[in-house]
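Visitor: Could you walk me through this structure, please? I am new to reading such models.
Guide: Certainly; here it is.

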Amino acid sequence: MMQYYTYDIIEEEFTTYFFKTTFQVFYRIEFKPTGYIFREEYIWSHYCYEFSIKLSENSPKNTPLDPLVSSTIAVIFMDFFKDKEKIILYTCDTADRKHLVRVRKFDRWFEQFNKELFLKIDNSITDFAQNTTYYNSLIIRRDNPYKDEIVEAFEDLIGGFEEDK
Amino acid sequence: METKKKLSKEEKRAKVLKFLRQSANNYKETNLILDQILPDIIQSSSTK
């Protein structure tokens, strides 16, 4: 059975999870609505979120690697996805040149906890004006009742431009 | 009744890029933290 830290949840404007590690590091995982990228007439656009992971300002720096942190965040994701309609959009860019390693790590982490429950669709789009490529992932439950419509809208929105290259 | 203007492909691309720039900016701190915590999984799974 996967070990993880116990956590607390606050449901206000955003859904926020908190946990503290044995090294006294405080993590805050926040899920913010971000549906405005899709057309508002899609009923499922209101289930669209970005997540953020933050450390409290007084958390100690340079603590040892703690495998329970990533497993706790995975458990928090599972809890957040209790509602099968929810959607997460994840973005990383090429600005700091660490994107390929980061995307591989994220994929590996995702594989660890998806347990056949989730679907992840990846796309990328190049911003020639800023010489940057954005890697974008959409994560939904496989049993999301709007799955086909969401995947089609995402690929139309983000993937539809790559043919211009 | 208000009618919505249909965006051209260029306008749509500009809207998507604007969103992605903002989204990438939002994820900056999160990605730095993910860089630090995700090796934990790779390390622990490789030692099993």
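Visitor: How are the strands of chain A ordered in the sheet?
Guide: Chain A has an open sheet of seven strands in the order S1-S2-S3-S4-S5-S7-S6, and the pairing is mixed. Strands are DSSP runs of E with at least two residues, helices are runs of H or I with at least four residues, and both are numbered from the N terminus. Two strands pair if DSSP finds at least two bridges between them. This is a predicted model, in which local features need pLDDT of at least 70 and side-chain atom pairs count only at pLDDT 80 or more, while totals for chains, interfaces and linings use all residues. Residues are numbered from 1 along each chain as its sequence is written, and chains are lettered from A and ligands numbered from 1 in the order in which they are written.

Visitor: Which strands stand at the edges?
Guide: Strand S1 (8–11) and strand S6 (118–127) of chain A do; each has a single partner strand, so one side of each lacks a neighbour in the sheet.

Visitor: And what does S6(A) pair with?
Guide: S6(A) pairs with S7(A) in the antiparallel sense over 10 bridges. Asp122(A), for instance, has Ser137(A) in S7(A) as its bridge partner.

Visitor: What about S5(A), is it buried or exposed?
Guide: Strand S5 (residues 87–93) of chain A is mostly covered, with seven of its seven residues buried. Buried means that 20 or more other C-beta atoms, placed from the backbone, lie within 10 Å of the residue's own.

Visitor: Which way do the residues of S5(A) point?
Guide: Ile87(A), Leu89(A), Thr91(A) and Asp93(A) point one way, and Ile88(A), Tyr90(A) and Cys92(A) the other. In a regular strand, side chains alternate between the two faces of the sheet.

Visitor: How many bridges join S5(A) to S7(A)?
Guide: Seven bridges join them, and the two strands run antiparallel. Ile87(A) has Ile140(A) in S7(A) as its bridge partner. S4(A) (residues 48–55) and S5(A) run parallel and are joined by two bridges; there, Cys48(A) is the bridge partner of Ile87(A).

Visitor: Changing topic: what is in chain B?
Guide: Chain B has two helices and zero strands. Of its 48 residues, 19% are buried.

Visitor: How many residues does the contact with chain A take?
Guide: It takes 23 residues from chain B and 30 residues from chain A, where contact means C-beta atoms, placed from the backbone, within 7 Å. H2(B) gives the most to chain B's side, with 14 residues.

Terms used. Buried ≥ 20, exposed ≤ 12 C-beta atoms within 10 Å, placed from the backbone. Contact = placed C-beta atoms within 7 Å.
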